Structure formats: structure tokens, C-alpha cells
Amino acid sequence: MKTIRNTIILLAAVAVLPFVSCKKYEEGPALSLRSKAARVANTWKIESYTVNGTDQTANIQALLPNYTETYDKDGNYSFAYTGNSGSGRWEFQNNDLEIKRNGVSNQSSETLIILKLKEKEFWYQIKDGSDTEEVHLVPAD
């Protein structure tokens, strides 16, 4: 009898789980089995780029051809585009709502406000004075 009751409780908990909000970032995901660091660890390319809500994707891709950002689980960060590259360190901050990138070579320090962090999507905002830049990244491969 105790086994049946425990099974019913477990099934009820599993049924309710999809409706419970585990969402940390505004755009998701609601639940992930991969750690945040594992989701960040990838080589990413720009899918879209806006400044103050205005699409600037074509402009940034012309300015930074073949641009990629690479993060690893150990906190190393690098960027590269045709003719230039740099590297530094990254770490979560502000209860994992932001990533702080600290420059080492050719990279200034900046704070990324995470909007979405999924295995195949990484969205963030950067505040640059009165401008808000929003970057949507997808895996480069």
C-alpha cells in the first residue's frame, strides 16, 4: 500500500513539473538538464543583432566578417573574425543572470545580460551608454 501511495505521489509530482516555473531568464528555458556553464560552452555566431530595437545584423556582419565567440566550461573566452581575434575570461555574476567578460588580449571588459540560454540559442544584451545592443547567437557549426 505504501508503494502505491509513493508511486502516485511521484507521478503527480512529474505531472505538475512542466507547469512549475523554473525559468531564470526572460526568454527561457523553463527547465534544462544541462548546467548553465555547459549551455554557454560552445562556439557561437551571430544570428541577429539590434541596437535600440533596430536591426543592424547586416551592418555588424559586414563590419565583423565571420565573427564567432567561443566560451569553455573553464571560464575561457575568445572571439575571432576575419583579420582579428582576442581572448579573455568569463564568469557568471548577479545570481547567474549576467556574464562578466574580462579582457586579456584585444578584449575590453563588459557585462552581458543573459536573455536566453539554451543549448542552441544564446541571447544577451549589452548596455553601451544610452544604447542597448541585443545579440542573438546560434552554434557556429
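1. E98 sits in strand β6, which covers residues 98-105. The model is a predicted one, and the values in this note are to be read in that light. With a relative accessibility of 17%, E98 falls under the 20% limit and therefore counts as buried. Leaving out neighbours within four places in sequence, the contacts of E98 are E91, F92, Q93, T111, L112, I113 and I114. One further distance concerns Y124: its C-alpha atom is 8.6 Å from that of E98, with the two positions 26 residues apart along the chain.

2. F92, one of the contacts of E98, also takes part in an aromatic pair with W90. The ring centres are 5.1 Å apart and the planes stand at 85°, so the pair is classed as edge-to-face; the limit for that class is over 60 degrees. The two partners differ in burial class: W90 is buried at 7% relative accessible area, whereas F92 is partly exposed at 21%. The value for F92 should be read with the limit in mind, because buried means under 20%.

3. A second pair joins Y71 and Y77, with 5.0 Å from centre to centre and 45° between the planes, a tilted arrangement. Both tyrosines are buried: Y71 has a relative accessible area of 3%, and Y77 has 2%.

4. How many aromatic pairs does a search of the whole structure find? The search gives nine. Ring pairs connect W44, Y71, Y77, W90, F92, F122 and Y124 into a cluster. The two pairs described above thus have their residues within this cluster, and Y124, whose C-alpha distance to E98 was given in the opening point, is a member too.

5. S78 belongs to strand β4 and is partly exposed, with a relative accessible area of 26%. Not counting residues up to four places away in sequence, S78 touches T68, E69, T70, G86 and S87. G88 lies 10 residues from S78 in sequence, and the C-alpha atoms of the two are 6.1 Å apart.

6. The largest pocket holds about 310 Å³ of space. Its lining consists of 19 residues, and those nearest the centre are L64, Y67, E69, R101 and E110. Strands β1 (42-51), β4 (76-81), β8 (122-128) and β9 (131-139) are the elements that each give two or more residues to the lining. By residue class, the lining has 11 nonpolar, three polar and five charged members. E69, listed among the residues nearest the pocket centre, is also one of the contacts of S78.

7. Two residues other than glycine call for a check of backbone geometry. N52 has a positive phi, near 55°. N52 is in the loop between β1 and β2 and is partly exposed, at 44% relative accessible area. N66 likewise has a positive phi, near 60°. The place of N66 is the loop between α3 (57-63) and β3 (68-71), and at 63% relative accessibility N66 is exposed.

8. G53 shares the loop between β1 and β2 (54-55) with N52. G53 is exposed, with 65% relative accessibility, while N52 is partly exposed. The C-alpha atoms of G53 and D131 are 9.7 Å apart, although 78 residues separate the two in sequence.

9. What pattern of helices and strands does the protein chain follow along the sequence? The order is α-α-β-β-α-β-β-β-β-β-β-β, which amounts to three helices and nine strands. Among contacts with a separation of 6 or more, 40% are between residues 24 or more positions apart.

10. On the surface as a whole, the protein chain has an accessible area of about 8,600 Å², and carbon and sulfur atoms account for 52% of it. Of the 141 residues, 32% are buried. Residues in that class include E98, W90, Y71 and Y77.

Key
Residues numbered from 1 in each chain as written. Predicted model: local features only at pLDDT ≥ 70, side-chain atom pairs only at ≥ 80, totals over all residues. Heavy atoms only, no water. Helix = DSSP H or I, 4+ residues; strand = E, 2+ residues; numbered from the N terminus. Buried < 20%, exposed > 50% of the residue type's maximum accessible area, 1.4 Å probe, protein only. Contact = heavy atoms within 4.5 Å. Areas by Shrake-Rupley, 256 points an atom, 1.4 Å probe, with all protein chains shown as cover. 1 Å grid on protein atoms, 1.4 Å probe; cavity = no way out; pocket = protein on both sides within 12 Å on 5 of 7 lines; lining within 4 Å. Points joined across faces, edges and corners; volume = space filled by probe spheres on them. Nonpolar A, V, L, I, M, F, W, Y, C, P; charged D, E, K, R; others polar. Phe/Tyr/Trp six-rings, centres within 6.5 Å; stacked < 30°, edge-to-face > 60°.
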